[in-house]
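Student: Hi! I have a new model open and would like a quick tour before I go back to the bench. Can you walk me through it?

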Amino acid sequence: MKVFYFLAIALSMLLFGCNSKPSMQEYFVDHQEKPGFMVVDIAPSILNVNKAKLSAEQTKALASFTKMNILAYKLNSKNKVEFDQERKNVAEILKDTTNYQPLMKFGSGKNGASISFIGDENHIQEFLLYGCKGDNGFAVVRILGKDMNPADAMTMLSVLKNSNVDMKQLEALKGLMK
């Protein structure tokens, strides 16, 4: 009888303790090797910033940035059905407001973009940028960091303007941009 009781508890913990909703991180891992997908991991070193010329605010924002992951799927004449399904899968993951807090959305239908984040407004661990152009493809960008906030994201834009980006790290994305 004790064995049955133990098995019942273990099974209920397994069934109810697991989160069946996929995360964007799981989506990246599951799709990085699949045909049609392109993955690029970018380290902060890509920016080639002269840190001596940064303000204290810019230095703090740059220090909060850990890395960026980009997953893209290019639409072509042979993968329309798969493209539509993958686009819906990504949209479904981003609808999970218990994990992803929406910041803004623009566009509509098959052309649009959104910005979401994980964490709270003053301690953001991850920004998610999603963009889709119905006749070209879609991309999801995960910007990972420590204690980021929306102001840090805006400050990073000013850092990017003054950076000397290492374009070699972005070679894989050229095919998607055409």
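Student: How many helices and strands are there in the chain?

Tutor: Happy to help! This is a predicted model, and its chain has 6 helices and 6 strands.

Student: And what order do the elements run in, from the N terminus on?

Tutor: They go α-α-β-α-β-α-β-β-β-β-α-α.

Student: What share of the residues count as buried?

Tutor: Of the chain's 178 residues, 36% are counted as buried. As for the outside, the chain exposes about 11600 Å², and 60% of that comes from carbon and sulfur atoms.

Student: What about contacts between residues far along the sequence?

Tutor: Take the contacts between residues at least 6 apart in sequence: 63% of them join residues at least 24 apart.

Student: Let's zoom in on α3. Which of its residues are buried?

Tutor: α3 covers residues 56–64, and Q58, A61, L62 and S64 are buried there. Looking down the axis of α3, these buried residues fall within an arc of 160°, so they line one face of the helix.

Student: And which residues are exposed on the other side of α3?

Tutor: That would be A56 and A63.

Student: What covers the buried residues of α3?

Tutor: The cover includes β2 (65–74), β6 (137–148) and α5 (150–161).

Student: Speaking of α5, where does D152 sit, and is D152 buried or exposed?

Tutor: D152 is in helix α5. D152 has a relative accessible area of 6%, which is under the 20% cut-off, so D152 counts as buried. Setting aside neighbours within four places in sequence, D152 contacts K60, A61, S64 and D147.

Student: OK, new topic: the largest nonpolar core. Which residues touch the most other members?

Tutor: This core has 19 residues, and L47, F127, I143 and M156 are the ones that touch the most other members. Elements giving two or more residues to this core are β1 (37–42), α3, β2, β4 (111–120), β5 (123–133), β6 and α5. The most comes from β6, with 3 residues.

Student: What does M156 touch?

Tutor: Not counting residues up to four places away in sequence, M156 touches L47, A61, L62 and F65.

Student: Is there anything to say about another core?

Tutor: Another core, of 17 residues, lies apart from the largest one, and its members include M24, L128, C132 and F138.

Student: Now pockets. What volume does the second largest pocket have?

Tutor: About 410 Å³. It is lined by 19 residues, and those closest to its centre are A91, K105, A113, S114 and Y130.

Student: Which elements supply at least two residues each to that lining?

Tutor: Those are α4 (80–94), β3 (101–108), β4 and β5.

Student: While we're at α4, what about D84?

Tutor: D84 lies in helix α4. Its relative accessibility is 16%, so D84 counts as buried under the 20% cut-off. D84 and G134 are 50 residues apart along the chain, and their C-alpha atoms are separated by 9.0 Å.

Student: Last one: where is H31, and what does H31 touch?

Tutor: H31 lies in helix α2, residues 24–31. H31 is buried, with a relative accessible area of 8%. Leaving out residues up to four places away in sequence, H31 touches F37, L71 and E86. H31 and E86 are 55 residues apart along the chain, with 9.8 Å between their C-alpha atoms.

Student: Great, thanks for the tour!

Note on methods: Residues numbered from 1 in each chain as written. Predicted model: local features only at pLDDT ≥ 70, side-chain atom pairs only at ≥ 80, totals over all residues. Heavy atoms only, no water. Buried < 20%, exposed > 50% of the residue type's maximum accessible area, 1.4 Å probe, protein only. Helix = DSSP H or I, 4+ residues; strand = E, 2+ residues; numbered from the N terminus. Arc of directions from axis to C-beta. Contact = heavy atoms within 4.5 Å. Areas by Shrake-Rupley, 256 points an atom, 1.4 Å probe, with all protein chains shown as cover. Core = buried A, V, L, I, M, F, W, Y, C linked by side-chain atoms within 4.5 Å. 1 Å grid on protein atoms, 1.4 Å probe; cavity = no way out; pocket = protein on both sides within 12 Å on 5 of 7 lines; lining within 4 Å. Points joined across faces, edges and corners; volume = space filled by probe spheres on them.
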